[in-house]
Amino acid sequence: MASPRMLRRCLLAAVSAALIGSAAVGPERAQAGAPTAATVSTFSDTFDGPAGSAVDSSKWTLETGDNVNNHEREYYTSGTNNAALDGQGHLVITARKENPAGYQCWYGSCQYTSARLNTAGKFNAQYGHVEARMKIPRGQGMWPAFWMLGTPVDWPDSGEIDVMENVGFEPSTVHGTIHGPGYSGSGGIGAAYTLPNGQAFADAFHTFAVDWSPGSITWSVDGTVYERRTPADLGGKTWVFDNKPFFLILNLAVGGYWPGDPDASTQFPQQLVVDSVSVTTSNSAAGVPIRGLAGKCVDVAGANSANGTPVQLYDCNGTAAQQWTVGSDGTIRALGKCLDVTDNGTADGSTVQLWDCTGGPNQKWTVTGADDIVNPQANKCLDVTGNNSANGTRLQIWTCTGGANQKWTVG
């Protein structure tokens with residue numbers, strides 16, 4: 001489902017000139033759903049600090065102003081009135097029904113205040129596992145979001161990745177969407193994820209993530225994958241999510257075209273409580289085993305580096321035939337060659353083999369936070385044939401089922 005909303009980045013004019021900076025910060029807090037590869041933390045904030053203190057200014061900038069393009073009702077403020085640490089390892093973004101400073105919005109005197117933070121000029125990501133663990137607010141007119149913009153900002157041509165958006169009239173549902181040239185605003189390409197049994201996202205913390213690699217973006221909630229997008233989904237329009245950095249944004253909007261305005265049922269203040277934000281990559285995973293069903297390893301049969309050698313499941317033995325490198329280019333390599341889907345196949349049951357690295361889409365893979373290894377071209381998972389854990393069982397691609405024969409630990 002596409003987000004029926006207009007341009008969201010109007011507040012960024014003051015910082016768009018500073019979008020080329022990048023910073024590595026802090027150790028990663030272990031999170032459920034984080035990738036199991038030998039990860040490197042490129043960004044992490046666990047929001048530790050005294051209650052009432054401001055966010056780390058070396059990582060985040062507080063934007064200020066209103067947003068006429070979406071007809072949002074809030075005024076984003078600086079300081080700690082609307083964004084502060086709670087002393088318990090959380091950032092709390094608070095939307096209030098107030099206007100203590102006489103702020104002026106597009107519709108006149110502002111009715112609400114809130115906060116919007118970004119990492120522009122401080123941290124940019126290019127590929128990796130991007131996640132936030134949050135508890136969202138509830139109520140008609142509330143619009144929390146965790147998202148990313150491409151640099152330099154020239155929306156929509158520079159691209160937008162919405163990791164998570166929720167609108168208050170859908171308490172059990174979140175959305176993941178991409179926007180770019182010809183598929184922006186209400187034409188964004190995305191999907192929704194709904195909690196089972198009428199649960200509401202506001203009742204507990206949840207982890208919202210994307211796994212972003214060349215030619216592929218995969219969305220998950222609490223480690224459950226619900227959407228994957230590749231250039232094939234764009235109907236010939238331009239994929240703008242490769243070869244450029246994006247920065248992170250957290251905000252809590254009030255009102256707007258999509259959520260509608262608050263009404264008499266909406267209680268204030270409302271809070272978006274953020275436990276952690278992290279970006280990790282597996283680009284440094286070099287010469288490591290990939291373990292799967294029954295604890296066995298992805299193995300090149302006979303340690304034979306010839307083109308066409310089958311890739312199979314086998315007892316882990318530490319040999320070079322089981323030492324794999326997960327590359328930033330989306331390849332998975334052993335013995336100097338690439339993990340390859342035979343004959344460029346996309347059908348269920350297409351086998352995998354070792355082959356000279358060609359850069360083709362049948363040699364591109366995404367390791368997700370749900371422990372899947374996905375070929376984006378086929379939108380299918382690396383799979384142990386027949387769920388058979390015997391040594392020598394051939395590996396293939398198959399529609400992703402979440403089964404144990406499709407779960408892999410890298411490293």
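## A pair of residues to start with

Let's begin with one partnership: Val-174 has Tyr-193 as its bridge partner in strand β14. This comes from a predicted model, so please read every position here as part of a prediction. Strand β14 covers residues 189-194, and its antiparallel pairing with β13 rests on six bridges.

On the other side of the story is strand β12, residues 160-165, which runs antiparallel to β13 and is joined to it by four bridges. Here you can look for Asp-162, which stands opposite Thr-177 of β13. As background, strands of a sheet pair through backbone hydrogen bonds, and they may do this in a parallel or an antiparallel way.

## Strand β13, residue by residue

How many residues of strand β13 are buried? The strand spans residues 173-179, and seven of its seven residues are buried.

Now try following the directions of its residues. Thr-173, His-175, Thr-177 and His-179 point one way from β13, while Val-174, Gly-176 and Ile-178 point the other way. Both groups are buried.

## Strand β19 and its partners

Why can strand β19 be called largely enclosed by the rest of the structure? It runs over residues 270-281, and eleven of its twelve residues are buried, so the rest of the structure largely encloses it.

Strand β5, residues 91-95, pairs with β19 in the antiparallel sense over five bridges. Within β19, Gln-271 is the residue that Thr-94 stands opposite. Strand β10, residues 128-135, is also an antiparallel partner of β19, this time over seven bridges. To find a pair from this second match, look for Val-130, whose bridge partner in β19 is Val-279.

## An open sheet of four strands

Further along the chain, four strands make an open sheet with antiparallel pairing, in the order β27-β28-β29-β30. Its edge strands are β27 (366-367) and β30 (395-398), each of which pairs on one side only.

Inside that order, β28 (residues 373-375) and β29 (residues 380-384) are antiparallel partners over two bridges. You can spot Asn-375 standing opposite Lys-380 in β29.

## A cavity to look for

Searching the whole structure turns up two cavities of 30 Å³ or more. The second largest cavity has a volume of about 40 Å³.

Which residues line the second largest cavity? The lining is made of Ile-136, Pro-137, Arg-138 and Gly-139, together with Asn-166, Gly-168, Pro-171, Ala-200 and Ala-202. Sorted by class, this lining has five nonpolar, three polar and one charged residues.

## The whole chain, and how confident the model is

Stepping back, the protein chain has zero helices and 31 strands. Of its 411 residues, 56% count as buried. Among contacts between residues at least 6 apart in sequence, 68% join residues at least 24 apart.

The chain's average pLDDT is 88, and 89% of the residues score at least 70. Over residues 12-39 the pLDDT is below 50, and this stretch has 78 contacts in the model beyond near neighbours in sequence. Residues 1-7 also have pLDDT that stays under 50, and the model gives them 35 contacts beyond four places in sequence.

Conventions. Residues are numbered from 1 along each chain as its sequence is written. This is a predicted model: local features need pLDDT of at least 70, side-chain atom pairs count only at pLDDT 80 or more; totals for chains, interfaces and linings use all residues. Side-chain values use heavy atoms; hydrogens and water are left out. On a 1 Å grid over the protein atoms alone, a cavity is a set of points where a 1.4 Å probe fits but cannot get out, and a pocket is an open set with protein on both sides within 12 Å along at least five of seven lines; lining residues have an atom within 4 Å of a point. Grid points are joined across faces, edges and corners, and a volume is the space filled by probe spheres set on the points. Ala, Val, Leu, Ile, Met, Phe, Trp, Tyr, Cys and Pro count as nonpolar, Asp, Glu, Lys and Arg as charged, and the others, Gly among them, as polar. Two strands pair if DSSP finds at least two bridges between them. Buried means under 20% relative accessible area, exposed over 50%, partly exposed in between (1.4 Å probe, protein chains only). pLDDT is the predictor's confidence in each residue, from 0 to 100. Contact means heavy atoms within 4.5 Å.
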